[in-house]
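Work through the exercises below with the sequence and the structure open beside you. Each task is followed by a solution that goes step by step.

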Amino acid sequence: MAGSNSEWSQKVAAFYASPSHFLASTTTENFVYDLLRVLADEKISENVKIQILGIIQEFPGLLFTNSLVAEQAAESIFSIYSQLPLVPKSVNLKCHLLLSVTTIVIATDHLTSNAKILNNLMSQLLDTVCDTNDRKYGGHFRPLRALACDCLREFETCHPGLLSRKLELLHSLQQKEVSPLHQAYTLLYIQVLKNAVRTLSRSRNVSDGAIRELLTRNEEIKWKVMEKPQDLLAIATTTNLTPLPSTIETKELKSSVTLLLEESFLLTPVSQAAVFHELIQVVLMVRSLSPAIFRSQLLRLFGTMDISLMHSMLHMKASFTDSLFSAEDENFLLKRLVCMAQHPLLSNPVKLFYMDCLLHFPENRPINSNLEENLPVLFTPKMAACLFPTLFNDSSTMMSRLNLVSLMCLDSAEEERGLAEIFDYLVSLYKLVDANGSRGHTVTFFQAVYIFVSCFHASEMYMSELTQYMVKLYQRHCTLAPHMINLIDSIQHLLEDSKWPVSLGEALRKLIVELPPKQLSPHKLIWHLKVLARVAKEPTILQKTTVQFLLNVVQASDLCRQGEWRMGNSVLSVCKSILHHQNVEPIFSDLADLLQHVHAQFQDIDIQDHAHFYYALLTCLSHEKLAGIVAPGTGNCIRAKARSLSSLMSESAGHSISVLPIKHPVLKLIPVPEEGSSNRGPAGDMTVKDFEEDSLQKYLNQFQNVGFASTIVMKFHLTFAEKVDPEYHKIYTVHLCFDLRSTHYEPLSDLHVPCLFLSRTPHVFSLAFKPHLPFPVMLHTRAVFTKEDGSTCCSQLEPVDIGFARLFLALPVPTNWPLEMKARLFNQFWESLLQTGSSQSVLSRFCFTTVQRPLSELVNLHFQKYVVSQQSDPESYKAFLFLPPRVHLLLSLEQAQDMAKVDIVTDNWQLLPFINSYLIDITSEK
Amino acid sequence: MSVRAIWLLGLEKGTTSVKLSRRFPTVEKRARNFNGKNYTELPEDKIFLNALLTELDMTELDKNFVEHRDSCCRINRTSVYEIAIGDSVLWPVLVMTQNAILYACLPLVEQSLTPRPPLISLRGISPAFALLSGLMTFLNMTQRSEPEITNKMTQISAMLMHACPLGTPTDTDFGLMQTLSGSFVPQNPISSVQAQKQPAWKPGIYKGKPQVNVCVTEQIRSMQYDKNDVIDVWQEYGTVTCKCDLEGILPTVTVSLNLPINGSPLQDILVHPCVSAVDSTILTFNSVDDVDDSLFNGPYKFPFTPPLDVFKLCYYTSQVPIPPILGSYQMKEEEQNLKITVNLKLHESVKNGFEYCEAHIPFFNRGPIVHAECKVNHGQLEVSREKSLLVWVIGQKFPKSLEVSLTGIVMFPAFGISNHSVQLTDPFCTGLTAYVKLYFRIPDYTLTGCYVDQHSIQVYSSAKPRIITSRELLSSEYYIWNSKGDAPVASRPLGSLRNWE
């Protein structure tokens with residue numbers, strides 16, 4: 001189905017928009033074959049072909065799911081490539097074709113043992129790169145040559161050592177090329193050289209002439225390297241490089257490396273960085289090469305404005321430390337880095353990167369591990385002063401700088417002065433938030449406070465001053481309550497022993513309870529109650545005035561009369577916090593009065609009930625029991641209920657009820673193998689007699705009844721996945737949502753299971769699949785359930801593969817039909833499909849060897865239920881398969897010597913790829 | 001040195017879209033190998049887009065506090081983000097933003113992802129920066145109309161085919177690639193006698209009249225407060241831009257920057273990669289520590305082989321002793337009227353010859369100007385009512401006294417009457433917090449005194465080129481804050497005069 005240019009452009013766009021969605025509406029194999037057909041179609045424009053090749057270059061993993069498709073694609077693209085004439089006009093398309101084949105070969109792993117394709121591709125690539133200085137084909141083909149170099153380099157990168165037998169050739173090409181393409185040749189050569197030296201350094205017995213021998217090698221490529229599983233990590237790692245013995249001869253290598261470095265100036269900065277990186281590793285492995293070989297480059301690099309080169313220099317520093325950088329150089333480089341971290345002409349992201357580099361600066365004599373953030377020893381307060389944040393910085397810069405100057409201040413002797421400056425900075429941020437309070441500034445301010453407290457929590461003077469500022473801020477902007485609570489929580493989490501969060505909480509509480517009642521509009525009160533509920537969690541903060549404040553509020557205002565549920569809940573959540581965390585003895589009567597009042601006066605029955613419940617708990621239970629009941633998830637027998645009883649809304653949940661996502665599947669679905677026919681579309685009311693005449697037409701007429709034979713019912717076990725945490729061993733109200741992610745099926749309705757216990761038998765249920773087209777499909781399932789402690793969880797199950805064979809059904813005719821009738825129907829059907837020549841029907845043939853297993857065994861195993869006739873000489877079978885909603889698959893299997901042939905007739909050609917792969921599967925299994 | 005994928009995402013008019021994405025499956029295969037069990041598959045574009053917007057706090061903007069977005073311990077100190085995709089995370093995603101386009105790139109991490117390695121140790125991070133910066137420069141070279149952008153996206157796809165076909169970028173100068181597309185192929189094959197390799201960053205050869213053009217552009221920014229307890233700050237920085245049209249494969253040029261005897265020394269010098277060597281003395285002058293550079297006044301020599309296009313030869317900063325224009329601004333509220341006074345004084349050492357000089361006086365959060373009664377002793381005043389802005393065009397010259405002033409009263413609609421839709425807003429400017437912003441350009445002048453002497457430029461090339469030099473001073477973020485109001489302070493509270501960035 002070729003389609004026009006514009007159709008294909010649209011298809012390509014639709015594919016990019018969502019590849020998975022697009023592929024769900026067709027089969028991947030069909031799509032790939034369509035793509036290949038279009039590529040070979042002369043009527044299709046080059047532009048569209050390039051778009052299509054783009055898909056192949058970007059999504060090979062999605063498209064080439066087995067080696068057969070990959071092979072066919074690679075071969076057919078390669079043949080298009082070879083047939084295209086070598087004229088300037090075709091260069092661009094040729095580049096794309098070559099890149100596509102290379103991508104398929106490297107990315108998919110399906111062709112690693114396919115010597116024919118590998119040899120073809122490699123000889124094409126090598127042939128292309130051998131045309132140095134445009135001698136043979138001229139300058140128009142430079143893009144192709146450059147691409148071939150890149151492809152070879154990618155081969156070598158993904159399969160280190162693959163090209164090491166070609167070093168001599170690659171070296172001579174690299175030296176010969178004088179056009180700008182020498183960059184591509186250099187990068188290729190260096191990659192191969194580094195990998196070859198690396199392989200050498202990993203082998204045990206290395207002769208003294210090994211390197212010379214390496215550099216002069218020019219042999220055939222051994223494809224075995226491709227088949228070995230790679231451990232790139234071991235090859236790329238720059239730590240633990242084993243140096244080669246110092247006796248090894250390195251004269252040739254040294255002159256080669258020196259020349260490469262001299263010419264590095266001719267490469268683009270990113271490529272220079274790549275060259276330096278590989279050469280650094282070579283020098284690290286070959287001890288007789290001195291790091292000083294890089295010295296001449298350093299003089300050029302020290303002043304650079306380019307990030308790749310700066311990064312390379314830092315990398316050299318990390319690799320060679322004082323064997324390349326003297327103490328003076330180190331100091332110099334550090335100053336350059338500080339200067340670049342604040343240079344007005346560099347972009348913010350780049351400066352932030354340099355700031356980060358400062359905290360991991362590769363020192364000659366590192367004291368700390370480089371994984372943690374540390375200031376370099378040579379970093380001075382003067383340098384930190386250059387990086388002091390201002391109000392005009394963006395938020396990331398502010399935080400980055402604040403962190404850095406705070407670290408400096410902690411280390412420095414001039415701590416007092418530095419701390420004062422940082423605090424003043426915090427105050428200026430405070431003023432900004434106080435005056436204007438945009439969300440961005442507010443978040444930044446609280447982050448700054450967090451950094452400040454995390455560094456200087458020991459300084460009591462500043463901490464208490466900070467508390468005052470925070471209280472002042474809250475006094476004017478009570479909508480900051482969630483920020484304040486988050487700050488208290490975050491600091492407590494970070495510094496378990498710090499008293500500051502508690503003192504901030506107490507200060508806020510004091511402010512709130514002393515507020516004149518007039519200032520308490522409901523809008524503000526709701527924020528205050530949030531803060532009070534949080535503060536009441538601190539057992540060291542006495543709550544007597546809090547309770548009196550609440551009592552005063554509910555008695556004096558018309559809050560109870562209005563009966564707003566949310567407000568009532570907020571009041572009760574403070575009470576609950578107190579009941580849970582506080583010693584209620586000293587506040588017993590006030591609290592009881594409060595609850596009593598709410599119970600009696602609040603105009604909402606739900607709130608009344610809860611107030612009464614708390615009142616009952618308070619008056620009837622000892623403190624320990626009481627705290628146990630209101631505590632979330634700590635009681636025993638009634639814990640699932642305790643939660644729902646003792647709080648209306650979970651505090652952490654904010655405005656929504658939260659569902660906890662669980663990473664690992666808790667449950668799994670196991671398909672139950674079918675017993676007998678599960679065809680739920682009984683063959684209408686027709687009897688055997690009805691069919692006697694004109695049986696085919698009558699058979700087909702059945703499908704005019706809506707819903708006839710349109711479903712496949714499958715049974716599943718719902719059970720627990722392996723190694724599930726004990727907390728999930730008993731789950732309740734399981735809600736399963738199914739998703740086939742395919743447009744070929746009707747959506748499945750959800751399923752409810754009351755409970756599921758690990759100790760009991762799995763739950764069995766059936767699902768009715770209604771296909772529009774019977775394509776294989778994956779069943780994705782999401783389960784939402786409640787744990788024993790009452791929290792709701794959500795878990796994604798492992799998808800279940802509904803394979804092609806699961807869709808086979810016996811013919812929808814009365815069960816009492818004799819075989820002969822089915823056979824007759826088979827023959828009629830066969831004839832009619834071949835005769836009508838409808839666009840949908842198709843005849844196909846499949847052959848396979850029966851040496852290992854006789855045909856009869858295969859038929860018995862897979863088609864027994866569907867066989868309508870069989871003969872013995874020659875051995876042959878006819879199998880009549882039905883797939884809902886109305887697809888027929890007629891197989892005629894016949895033995896011929898060692899082979900069996902299967903003639904396939906179906907009324908829907910789109911199924912052919914599935915039939916094909918199904919037959920391959922069952923005939924190749926052992 | 002490879003990247004797994006890049007994305008260009010559009011953020012226009014409240015809608016977001018994927019403008020371009022490119023993934024590199026062979027690099028992906030390596031990522032799977034390197035990252036082992038912490039490997040996260042690349043999501044589809046739309047999923048990535050949404051996840052990125054969530055990470056960048058660009059969702060749920062109507063909500064006051066959302067913990068996963070606003071928590072104080074969730075601090076981003078770099079432009080590298082961790083993007084949550086389902087249960088797993090993509091890291092390190094480098095994100096840069098410019099002109100309503102998000103540029104994102106995921107470099108390959110050639111090591112285990114746990115514990116998380118520092119950015120400095122990731123080989124792929126600088127190519128990712130280079131790639132995104134290159135794309136950014138390319139997209140900002142011309143007008144940003146919608147069809148233009150679409151066209152450029154197509155060009156980018158084609159250019160990536162050559163600059164980064166398999167995820168390892170070899171060139172990031174997309175502007176040059178565009179210039180050369182078409183003329184990329186040389187007319188004649190390489191002559192058999194050519195022995196000199198042609199630089200990869202100079203893939204063409206200029207033919208025509210030789211010419212060298214060098215321009216020194218200095219920019220000055222300033223925050224002035226006119227207060228005793230707040231220190232004014234200013235910062236000066238310069239760029240030397242070159243365009244050299246010279247024949248030959250490797251012509252070399254040496255440009256010297258000269259300073260007059262009393263000029264301010266150049267510091268924090270950064271040079272273009274085409275510069276072949278820099279005297280390390282001039283690199284030691286920096287704003288970071290107290291190297292005594294007062295005795296050094298050049299010349300600063302830069303030998304280089306010029307690329308084909310315009311390029312930035314070097315960047316520098318300098319600590320000039322004075323800002324060129326010293327100003328004060330007083331704004332007071334009297335009922336619904338604002339009484340304003342602005343005084344500006346040009347320093348006597350500064351060249352009094354502007355191409356333009358304007359003072360913009362915006363009024364934020366007050367609605368459109370109803371009436372303005374202002375007097376200036378020099379230049380003209382324009383009132384832009386809708387924009388709530390006074391523009392004082394000072395012109396080409398300050399008067400002899402070098403001082404100009406503006407006084408007057410500006411009236412606004414009574415509180416609550418103003419139409420909020422046309423209001424100018426600013427995060428800083430509420431109440432009496434207000435500023436005057438200056439825009440000026442002084443041609444043929446630099447504040448440091450830095451200049452390029454035509455005769456000092458040395459060119460080693462077959463023909464003698466025409467040499468053009470120029471210089472200019474431009475204002476950039478030049479603010480004078482209302483001394484009667486609270487102004488956000490730019491300097492360190494007790495800090496020194498100079499550092500401000």
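**Exercise 1.** In this predicted model, find the salt bridge between A:Glu894 and A:Lys901, and decide whether A:Glu894 is buried, partly exposed or exposed.

Solution. Begin with the charged atoms: the closest N and O atoms of A:Glu894 and A:Lys901 are 3.9 Å apart, and because a salt bridge is counted within 4 Å, the pair qualifies. Then turn to accessibility, where A:Glu894 has a relative value of 27% and so counts as partly exposed. Its partner A:Lys901, at 22%, also counts as partly exposed.

**Exercise 2.** Examine the salt bridge between A:Glu213 and A:Arg217, and state which class of accessibility A:Arg217 belongs to.

Solution. The side chains of A:Glu213 and A:Arg217 come together at 3.7 Å, taken from N to O. A:Glu213 has a relative accessibility of 42% and is therefore partly exposed. For A:Arg217 the value is 16%, and since buried means under 20%, A:Arg217 counts as buried.

**Exercise 3.** Locate the salt bridge of B:Glu146 and B:Lys19, and work out which parts of chain B this pair ties together.

Solution. The N to O distance between the two side chains is 3.2 Å. B:Glu146 belongs to helix α5 (residues 146–163) and B:Lys19 to strand β2 (residues 17–23), so the pair links parts of chain B that lie 127 residues apart in sequence. With a relative accessible area of 44%, B:Glu146 is partly exposed, and B:Lys19, at 22%, is also placed in the partly exposed class. A further arrangement to look for is a network in which A:Asp134, A:Arg142, A:Arg145 and A:Glu177 are joined by salt bridges that share partners. Over all chains, the structure holds 47 salt bridges.

**Exercise 4.** Describe the surroundings of A:Asp434, starting from the element in which A:Asp434 is found.

Solution. First place the residue: A:Asp434 is part of helix α23 (residues 415–435) of chain A. Next consider its accessibility, which at a relative area of 13% makes A:Asp434 buried. Setting aside residues up to four places away in sequence, A:Asp434 touches A:Leu473, A:Arg476 and A:His477. With A:Arg476 there is also a polar contact from side chain to side chain, at 2.8 Å.

**Exercise 5.** Which residues does A:Tyr137 contact, leaving aside its neighbours within four places in sequence?

Solution. A:Tyr137 sits in the loop between α8 (115–129) and α9 (142–158) of chain A, where a relative accessible area of 31% makes A:Tyr137 partly exposed. The contacts sought are with A:Leu86, A:Asp127 and A:Asp131. As a further step, compare sequence with space: A:Tyr137 and A:Val87 are 50 residues apart along the chain, while their C-alpha atoms are separated by 9.0 Å.

**Exercise 6.** Describe the interface between chain B and chain A, and say how many salt bridges the rule finds across it.

Solution. Start with the extent of the interface: chain B contributes 120 residues and chain A contributes 131 residues, and together the chains bury about 10600 Å², of which 63% is on carbon and sulfur atoms. The rule finds seven salt bridges across this interface, and a salt bridge to inspect is that of A:Glu373 with B:Arg77, whose closest N and O atoms are 3.1 Å apart. On the side of chain B that touches chain A, helix α1 (residues 25–35) supplies the largest share, seven residues. By class, that side has 59 nonpolar, 32 polar and 29 charged residues.

**Exercise 7.** Where in chain B does pLDDT stay under 50, and how should such a part be read?

Solution. Take the whole chain before the part: chain B averages a pLDDT of 88, and 92% of its residues score at least 70. The stretch in question is residues 493–501 of chain B, for which the model nevertheless has 32 contacts beyond four places in sequence. Where pLDDT is low, the predicted coordinates should not be read in detail. For the model as a whole, the scores are ipTM 0.94 and pTM 0.83.

Conventions
Residues numbered from 1 in each chain as written. Chains lettered and ligands numbered in written order. Predicted model: local features only at pLDDT ≥ 70, side-chain atom pairs only at ≥ 80, totals over all residues. Heavy atoms only, no water. pLDDT = per-residue confidence, 0-100. Contact = heavy atoms within 4.5 Å. Buried area = accessible area lost by both parts, 1.4 Å probe. Helix = DSSP H or I, 4+ residues; strand = E, 2+ residues; numbered from the N terminus. Nonpolar A, V, L, I, M, F, W, Y, C, P; charged D, E, K, R; others polar. Buried < 20%, exposed > 50% of the residue type's maximum accessible area, 1.4 Å probe, protein only. Polar contact = N/O pair within 3.5 Å; in protein donor to acceptor, adjacent residues only side chain to side chain.
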